[in-house]
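User: I would like to learn how to read contacts, burial and helix packing from a model. Could you take me through the features one at a time, giving the general idea before the case at hand?

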Amino acid sequence: MRPERFLGSDPTPGDLGSVDRIAGALRTIVLALTGSRQKLEAPVGPHSMWQGPMARPIVTAITDLAARLRAIEDATVDFAQAVEVWRAGLVARQQRRVELTEMVSQLAGRPDAEEQRQRIQADVQRLATEHATDGAGLIRAAD
């Protein structure tokens, strides 16, 4: 059932397939960053053959680059976690939207329909507000 027909609008827009593709891309990025960082760290560890004053600038540059990759990796993991939390909320909100849509669709011909419709519309508004708030949180996490 289309929520727009019964609720006036979709209070929980979002495509789970797209969210899953984003989450998958973030996992791929984290794996690539981790692998790259580990390859950089391996030759400059404490038992490295790159020792002494001549190697120090190279070791320092590689170590600094590995640290920058670690920071990007950590930020990407944090964002991926925020996406997963948002996705879980989206699933719950969309399930609730389906329930509310079904409830409204069954009001036709009932004597208490208007009172019920108002209660459902209040729930729809709360759902839309929660969706917008969670979406804003995801945007902050992306920033």
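Analyst: Let us begin with polar contacts: a polar contact is a pair of N or O atoms within 3.5 Å, where, within protein, one must be able to donate a hydrogen and the other to accept it. The structure shown is a predicted model, and in it the side chain of Thr12 makes such a contact with the side chain of Arg97, at 3.3 Å.

User: Where does Thr12 lie, and is Thr12 buried or exposed?

Analyst: Thr12 belongs to the loop between H1 and H2. A residue counts as buried when its relative accessible area is under 20%, and Thr12, at 0%, is therefore buried. Setting aside residues up to four places away in sequence, Thr12 touches Leu90, Arg93, Gln94, Arg97, Leu127 and His131.

User: Gln94 is among those partners; which residues does Gln94 itself contact, leaving aside its neighbours within four places in sequence?

Analyst: Gln94, which is found in helix H3, is in contact with Thr12, Pro13, Gly14 and Leu16 when those neighbours are left aside. Its relative accessible area is 12%, so Gln94 is buried. One of these partners is also reached through a polar pair, since the side chain of Gln94 comes to 2.9 Å from the backbone oxygen of Gly14.

User: How should I read Gly14, and which residues does Gly14 touch beyond four places in sequence?

Analyst: Gly14 sits in the loop between helix H1 (3-7) and helix H2 (16-41), and with a relative accessible area of 41% Gly14 is partly exposed. Beyond four places in sequence, Gly14 touches Leu90 and Gln94. It is useful to set distance along the chain beside distance in space: Gly14 and Leu90 are 76 residues apart in sequence, yet their C-alpha atoms are 7.4 Å apart.

User: Turning to the helices, how far does H2 reach from its first C-alpha to its last, and what span is expected?

Analyst: The expected span of a helix is 1.5 Å times one less than its number of residues. H2 has 26 residues and reaches 37 Å, close to the expected 38 Å. For helix H4 (residues 113-142), the 30 residues should span 44 Å, and the end C-alpha atoms are 43 Å apart, which agrees.

User: Which residues of H2 and H4 are buried, and what packs against them?

Analyst: In H2, the buried residues are Val19, Ala23, Leu26, Val30, Leu33, Thr34 and Arg37, and what covers them includes H3. In H4, the buried residues are Ala113, Gln116, Ile120, Val124, Leu127, His131, Gly135 and Leu138, and these pack against H1 and H3. Two of the residues in that list, Leu127 and His131, are also touched by Thr12.

User: How many salt bridges are there, and how should I read one that joins two helices?

Analyst: A salt bridge needs a side-chain nitrogen of Lys or Arg within 4 Å of a carboxyl oxygen of Asp or Glu, and by this rule the count comes to 13. Take Arg27 and Glu84, whose closest N and O atoms are 3.7 Å apart. Arg27 lies in helix H2 and Glu84 in helix H3, so the pair ties together parts that are 57 residues apart in sequence. Arg27 is partly exposed at 48% relative accessibility, and Glu84 is likewise partly exposed, at 36%.

User: What do the salt bridges between Asp15 and Arg21 and between Arg119 and Glu115 look like?

Analyst: For Asp15 and Arg21, the closest N and O atoms are 3.8 Å apart; Asp15 is partly exposed, with a relative accessible area of 45%, whereas Arg21, at 56%, counts as exposed. For Arg119 and Glu115, the closest N and O atoms are 3.0 Å apart, and both residues lie in helix H4, four residues apart, about one turn of the helix. Arg119 is partly exposed at 44% relative accessibility, and Glu115 is partly exposed at 48%. Salt bridges can also be joined through shared partners, and in this way Arg96, Glu99, Asp123 and Arg126 form one network.

User: Finally, which residues make the nonpolar surface patch?

Analyst: Met49, Trp50 and Ile58 make a nonpolar patch of about 340 Å² on the surface. Of these, Ile58 has its place in helix H3 (residues 56-105) and, at 40% relative accessibility, counts as partly exposed.

Note on methods:
Residues numbered from 1 in each chain as written. Predicted model: local features only at pLDDT ≥ 70, side-chain atom pairs only at ≥ 80, totals over all residues. Heavy atoms only, no water. Helix = DSSP H or I, 4+ residues; strand = E, 2+ residues; numbered from the N terminus. Buried < 20%, exposed > 50% of the residue type's maximum accessible area, 1.4 Å probe, protein only. Contact = heavy atoms within 4.5 Å. Patch = residues over 30% accessible without salt bridge, like charges linked within 9 Å, V, L, I, M, F, W, Y side chains within 5 Å. Areas by Shrake-Rupley, 256 points an atom, 1.4 Å probe, with all protein chains shown as cover.
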